[in-house]
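This report covers the surroundings of one residue and then the enclosed space with its ligand. The sequence and structure come next.

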Amino acid sequence: MRIKLDRTMCDGFGTCAVHAPNTFSLDEWGYPSLVGGGDIAEEDQNGVKRALLDCPAHAILSLDEPTPIPAGGEAGISRSAGPDSLWEHLPVHNAVPKNGPVG
Ligand code: SF4
């Protein structure tokens, strides 16, 4: 998994560092920088996916290729902020309705 942080979009809420402290380091004003340049280790990916989905400013972008939808299969949930595969490994209590996020 590879991500990019758009600091021009960031509002400094710090949610990303709460979910993925190994990936996002906050400065003294609460603005994050990427630790490791955006290449995410396997063990940090769930937290980073959570941060990506929860970022209120959509400042975290996935650079991974979208997962193709299999022919004849159910259409995946998509969102402009990332590929369908982002939704696959989240815990059930964080699941998004099949029709997509509400609101
Ligand atoms: S969650 Fe988003 S808006 Fe908040 S500090 Fe992280 S990148 Fe910035």
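Thr23 sits in the loop that runs between helix H1 (15-19) and strand E2 (24-26). The model is predicted. Thr23 has a relative accessibility of 3% and therefore counts as buried, the limit for that class being under 20%. Setting aside neighbours within four places in sequence, the contacts of Thr23 are Ile3, Ser33, Leu34, Val35, Ile40, Asp44 and Val48. Asp39 is 16 residues from Thr23 in sequence, and the C-alpha to C-alpha distance between Thr23 and Asp39 is 9.0 Å.

The second topic is the enclosed space. One cavity of 30 Å³ or more is present in the structure. The largest cavity holds about 100 Å³ of space. Its lining consists of 15 residues, and those closest to the centre of the cavity are Cys10, Phe13, Cys16, Cys55 and Pro56.

What takes up the space of the largest cavity? The ligand does. There are 13 residues around the ligand, of which Cys10, Phe13, Gly14, Cys16 and Cys55 come nearest.

The table gives the residue classes for the cavity lining and for the ligand shell.

| Set | Nonpolar | Polar | Charged |
|---|---|---|---|
| Lining of the largest cavity | 11 residues | three residues | one residue |
| Shell around the ligand | nine residues | three residues | one residue |

In this classification, Cys, Phe and Pro count as nonpolar and Gly as polar.

Note on methods: Residues numbered from 1 in each chain as written. Predicted model: local features only at pLDDT ≥ 70, side-chain atom pairs only at ≥ 80, totals over all residues. Heavy atoms only, no water. 1 Å grid on protein atoms, 1.4 Å probe; cavity = no way out; pocket = protein on both sides within 12 Å on 5 of 7 lines; lining within 4 Å. Points joined across faces, edges and corners; volume = space filled by probe spheres on them. Helix = DSSP H or I, 4+ residues; strand = E, 2+ residues; numbered from the N terminus. Buried < 20%, exposed > 50% of the residue type's maximum accessible area, 1.4 Å probe, protein only. Contact = heavy atoms within 4.5 Å. Near = heavy atom within 4 Å. Sits in = over half its atoms within 2 Å of the grid points.
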